[in-house]
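Visitor: I should like to take a close look at a single part of this structure. Please begin with the sheet and then proceed to what surrounds it.

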Amino acid sequence: MMKLAGGALAILALSACAGGKYRPVTDTPVRIGPAYTIRGTTYVPAAAPAYDALGYASWYGSESGNRTANGEQFRPGWITAAHTTLPLPTYVEVTALDSGRRIIVRVNDRGPFARGRIIDLSRGAAEQLGMKAQGHAPVRVRRVEPSEKDRERLRKGKPAASLSRVPDSELLYLRAQLAAGGR
């Protein structure tokens, strides 16, 4: 009986590896992780349920096929992002302060490690937000809890439902806040 149970466990363990070296795209477990240091700066991941920040976004895409900090395969066309401290995965609403466009993004990687950048978007997210040509843009990033339907779409590499544009009066306020030093 013990040999049979041991054999079954070995088969299960091997079948879990059948997908290659990447973790499946899933929302569990959520990982916060320990503090880490990059280029002399220490980052301390935290739950941050009320995360809401102003700063600059950049985008990345040449790492196609690489492993994200979450263990998933990086796919540049998907709507994903990297953040230095939010749990992996986390969902955030990213607003482009120059256009008012908003999208929901799934954070599954660590970065950016450039000063003044608060989020690194995948090429797909940068395209959807309309900032790919610029390379970087002023943004608002706030943590959200999207519907299960939107979560499922993002886990499959598809965009979440479209969000309405931010009103001009709110954009003016957010731009002034960023110019004054952010939140």
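How many bridges join β3 to β8, and do these strands run parallel or antiparallel?

Guide: The model is a predicted one. In it, β3 and β8 run antiparallel and are joined by seven bridges. One residue pair can be named here: alanine 53 has valine 141 in β8 as its bridge partner. β8 is also joined to β5, by five bridges and again in an antiparallel arrangement; there, threonine 95 has arginine 140 of β8 as its bridge partner. From β5 one may step on to β6, since these two strands pair in the antiparallel sense over six bridges. Valine 94 stands opposite isoleucine 103 of β6.

These pairings belong to a closed barrel of six strands, in the order β3-β7-β4-β6-β5-β8, whose pairing is mixed. On average, and with direction ignored, neighbouring strands of this sheet are turned by 45° against each other. Helix α4, residues 168–179, packs on the sheet and touches β3, β5 and β8. The direction of α4 makes about 85° with that of β3.

The barrel strands also contribute to the nonpolar interior. The largest nonpolar core has 28 residues, and Val94, Val105, Ile119 and Leu121 are those with the most contacts inside it. At least two residues of this core come from each of β3, β5 (90–96), β6 (102–109), β7 (117–122), α2 (123–129) and β8 (136–143). Valine 94 thus appears twice, as a residue with many core contacts and as the one opposite isoleucine 103. The contacts of isoleucine 119, leaving aside residues up to four places away in sequence, include Tyr56, Ala57 and Ser58, as well as Val92, Val94, Val139 and Val141. Of these, Val141 is the bridge partner of alanine 53. A second core, separate from this one, has six residues, including Leu54, Leu171, Leu174 and Leu178.

β3 also takes part in an aromatic pair. The whole structure holds four aromatic pairs. One of them is formed by tyrosine 60 and phenylalanine 74, stacked with 4.8 Å centre to centre and 15° between the planes. Tyrosine 60 lies in strand β3 (residues 52–60), whereas phenylalanine 74 lies in the loop between β3 and β4 (80–82), 14 residues apart, and the pair links distant parts of the chain. Both residues are buried. Elsewhere, ring pairs link Tyr36, Tyr43 and Phe113 into a cluster. An aromatic ring also meets a charge: the charged end of arginine 75 sits over the ring of tryptophan 78, at 4.4 Å from its centre.

The loop between β3 and β4 also holds asparagine 70. Asparagine 70 counts as buried because its relative accessible area is 0%, and the limit for buried is under 20%. Residues that asparagine 70 touches, not counting those up to four places away in sequence, are Arg23, Arg31, Leu88, Pro89, Arg106 and Asn108. Asparagine 70 is also 9.1 Å from valine 25, C-alpha to C-alpha, although 45 residues separate the two in sequence.

The chain as a whole gives the setting. Its secondary structure comes to four helices and eight strands, following the pattern α-β-β-β-β-β-β-β-α-β-α-α along the sequence. Of its 183 residues, 43% count as buried. Among contacts with a separation of 6 or more, 75% are between residues 24 or more positions apart.

Definitions and conventions. Residues numbered from 1 in each chain as written. Predicted model: local features only at pLDDT ≥ 70, side-chain atom pairs only at ≥ 80, totals over all residues. Heavy atoms only, no water. Phe/Tyr/Trp six-rings, centres within 6.5 Å; stacked < 30°, edge-to-face > 60°. Buried < 20%, exposed > 50% of the residue type's maximum accessible area, 1.4 Å probe, protein only. Lys NZ or Arg CZ within 6 Å of the ring centre and 35° of its normal. Core = buried A, V, L, I, M, F, W, Y, C linked by side-chain atoms within 4.5 Å. Contact = heavy atoms within 4.5 Å. Pairing = 2+ DSSP bridges. Axes fitted to C-alpha atoms, helices over the stretch in contact; angles between N-to-C directions.
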